Amino acid sequence: MIIPISVDEVEEKKDANSSKDDDPVVSVEKYVELSTLIEDHMSRPVVFCGPSGVGKGTLIDMLMKRFPNDQFGFSVSHTTRNPRDGEVDGVHYNFASVDTIKHDIEEGKFIEYAEVHGNYYGTSVTAVESVQSEGKICILDIDVQGVQNVKKSELKPIYVFIAPPSVNALESRLRGRGTESEEDILKRLKNAAEEISYSEGEGNFDCVFTNDDLELTFSKMVDQFKIWFPELVEIEDPESSKDVATAVSSIAKEMVETEKSVTLNDFTSTTSSVPKKVVDIRETDSSKNVTMIIPISVDEVEEKKDANSSKDDDPVVSVEKYVELSTLIEDHMSRPVVFCGPSGVGKGTLIDMLMKRFPNDQFGFSVSHTTRNPRDGEVDGVHYNFASVDTIKHDIEEGKFIEYAEVHGNYYGTSVTAVESVQSEGKICILDIDVQGVQNVKKSELKPIYVFIAPPSVNALESRLRGRGTESEEDILKRLKNAAEEISYSEGEGNFDCVFTNDDLELTFSKMVDQFKIWFPELVEIEDP
C-alpha cells in the first residue's frame, strides 16, 4: 500500500531543516519506489487482434494521433511475407527471411509467433523492450495464435479484439483492397471465422469492438482507453500536437539548463543501495496542459554522488518532488467506482464479495445517507447513515452532498464527507447509488468509473423482491417501475462504463473481478478470503 507524504509532513521536514540551505528531502530509493509503481502501470502493453481487413491498423493509427507525443509506442512485428505497396521495413513490419525468424525463435528471442496464411508472424522480446524502455505504452498487433502464445508468457497485457460487423462485410473489404489473390482471400475468410469464434470465448479478450462505423468505434475505444490509462493526455485535434511537441521541447531544455526538474542533494560515497533503473520525474506546463517525463539515470546519480562525496547524508530528492509523484499515484488509486442498479439486483452482495476478494483496506465503502427506516440487521453508519428528512434537506442546502435523490418517497444521498473519509485513508471509494444520483454525480467534479448491475429480466427481479419479504405490494410495484426506467437509462450510450447482467452470481462476480484488475492493476487479490 502507498503511504503518500502529506503537505503537513513537508512542513515538518522544512522546520527540521530550517537551519540548512537545502530544500526538504527524501531518499532516492523511496522516490524510485514510487516511480516504479507508475512505470509498471503505464507500461502495461495492449494487444490488438482481429481479422485481416477489419481496420485494426487504421484504429491504432487514430489512437496514437489522439494521444500523441510518445504516450504510445507501436511494437513492430516480424514477418516473412512480402511487403505490400507503401509498407516500410522497420515501420509497418520487420521483414525477414524464414531462416532468420526460425533461428531467432529457437534462440528464445520471440515472445510469440505463429504461421498464418503460410507466412511467419511474431513479436520479438527486443521489439517490446524497445518501446517500454522509452516509457511508452506498448501496442502489439498480433494474430489469435499469437494471443494464445502471449497468454503463456510473462507479459500481462490488456487484450482488445476488433471484429467486423459480419463475415460478408469483411469479404467486401478484402476484395476492395485489391491486394490479395482469390486463394488468399478465401484463406483469410476461413481464418477470420475461427478468430471471431475465439473472440467470443469467455475471458479471451478484455474488450471487443465491432467496427461497423469507424468513427463510432474509435470514439468507444478512446473512452475505454481513458479508463484503462487515466494518465493519458488527449488531444482531440491532432494538428495541435505540433504546438504541444514544441512546448515539450522548450520545457525540457529549460529544465536541463536550470536543473529545476529534480534536486539530488548530499550524496554519500556509496550508492550500492540505489536501484539500477531510471527515476521518472514528471513536470507539467499548465499553459499547455502537457505532462512530460525527464529520466534521471543511475549514471547521473553517480555523478551527483561524486560531486558531494564529502557529505554524510543518504542520496535524496526534494520532498516536494516526492509529494508530486505520490499524488500522481494517489489520484489514480483514489478514482471512485459508482455502482448502480435496481433494488434487489444483488449490488450489495457483489460489492461485499469484491471487498473480500481484495481485502486489507484496498476498497472503502462510501456509506450513503437515507431517510428511510432501517431494515432488520441494518446498522446505522455501516449500511446507511440514517437521518431525518429535515437534517438531510438542511445539509443539501449547505452544499454538503455530492448527489441526492428522492426514491420511493425517501431521500438518498452521498455526502462530501463520506467520500473524503474513504479517500483520505488511501482507499478506492465505492459508491452504491440510484440512477438519479448517477446523473447528479456526472455534474460534479468527481471522475468515477460507472458500473451498472442489471437483472436478467424484470420478471426475475420481481421474483427476487417478493422472495425478500421485506416490502409491501405497493413498494414492490414502485421498485419494478423504477427498475424499468433504470434499465432503460443503463442502455444509453456512454451512461455506464461497464454493465454486468447478474443472472448467475458467481459468473457475474468472476467477470467483475477480471474487469477491476484491468482498471486497478495494483490491486492485491486473495482468491480464498
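The open sheet in this predicted model has 4 strands in the order 17-16-19-18, with mixed pairing. Its edges are formed by strand 17 (385-386) and strand 18 (401-407), each of which pairs on one side only. As general background, strands of a sheet pair through backbone hydrogen bonds, and they do so either parallel or antiparallel. Strand 16 (residues 369-370) and strand 19 (residues 410-415) take the antiparallel option, with 2 bridges between them. If you would like a residue pair to look at, Thr370 has Tyr412 of strand 19 as its bridge partner.

Let us stay with this sheet a little longer and look at one residue on its edge. Ala405 is found in strand 18. Is Ala405 buried or exposed? Ala405 is buried, because its relative accessible area is 4%, below the 20% limit used for that class. Leaving aside residues up to four places away in sequence, Ala405 touches Asn410, Tyr411, Tyr412, Gln436 and Gly437. Tyr412 is thus a contact of Ala405 as well as the bridge partner of Thr370. The C-alpha atoms of Ala405 and Val435 are 8.7 Å apart, with 30 residues separating the two along the chain.

**The protein as a whole**

Stepping back, the secondary structure comes to 19 helices and 22 strands. Of the 529 residues, 47% count as buried. Among contacts between residues at least 6 apart in sequence, 71% join residues at least 24 apart. The protein exposes about 26600 Å², and carbon and sulfur atoms supply 46% of that area.

**Helix 3 and its surroundings**

Helix 3 (residues 56-66) is a good place to zoom in. Its buried residues are Lys56, Leu59, Ile60, Met62, Leu63 and Arg66. Seen down the helix axis, the buried residues of helix 3 fall within an arc of 160 degrees, so they line one face of the helix. The general geometry is familiar: an α-helix has 3.6 residues a turn, so residues three or four places apart point the same way.

What covers these buried residues? The cover includes strand 2 (46-49), strand 3 (72-74), strand 8 (137-141), strand 9 (158-163) and helix 9 (214-228).

Helix 3 also takes part in salt bridges. In general, side chains of opposite charge can pair when their charged atoms come close. Asp61 and Lys65 make such a pair, and both lie in helix 3, 4 residues apart, about one turn of the helix. Asp61 is partly exposed, with a relative accessible area of 38%, and Lys65 is partly exposed too, at 45%. Arg66, one of the buried residues of helix 3, meets Glu234 in another salt bridge. Arg66 lies in helix 3 and Glu234 in the loop between helix 9 and helix 10 (241-258), so the pair ties together parts that are 168 residues apart in sequence. Glu234 counts as partly exposed, at 25% relative accessibility.

**Salt bridges further along the chain**

The structure holds 27 salt bridges. One of them joins Glu194 and Lys190. Being 4 residues apart in helix 8 (residues 182-199), Glu194 and Lys190 are separated by about one helical turn. Glu194 is partly exposed, with a relative accessible area of 47%, whereas Lys190 counts as exposed at 52%. Elsewhere, salt bridges that share partners join Arg372, Arg375, Glu378, Arg468, Glu471 and Arg479 into one network.

The three individual pairs described above have these distances:

| Salt bridge | N to O distance |
|---|---|
| Asp61 and Lys65 | 3.4 Å |
| Arg66 and Glu234 | 2.8 Å |
| Glu194 and Lys190 | 3.1 Å |

**Cysteines**

How many disulfides does the structure contain? A search of the whole structure finds 0. Cys498 shows the reasoning for one residue: its sulfur is 8.3 Å from the closest cysteine sulfur, in Cys207, and that is too far for a bond, because a disulfide needs the two sulfur atoms within 2.5 Å. Cys498 counts as buried, at 14% relative accessibility. Cys49 is buried as well, with a relative accessibility of 0%.

Technical notes:
Residues numbered from 1 in each chain as written. Predicted model: local features only at pLDDT ≥ 70, side-chain atom pairs only at ≥ 80, totals over all residues. Heavy atoms only, no water. Pairing = 2+ DSSP bridges. Buried < 20%, exposed > 50% of the residue type's maximum accessible area, 1.4 Å probe, protein only. Contact = heavy atoms within 4.5 Å. Arc of directions from axis to C-beta. Areas by Shrake-Rupley, 256 points an atom, 1.4 Å probe, with all protein chains shown as cover. Salt bridge = Lys/Arg side-chain N within 4 Å of Asp/Glu carboxyl O.
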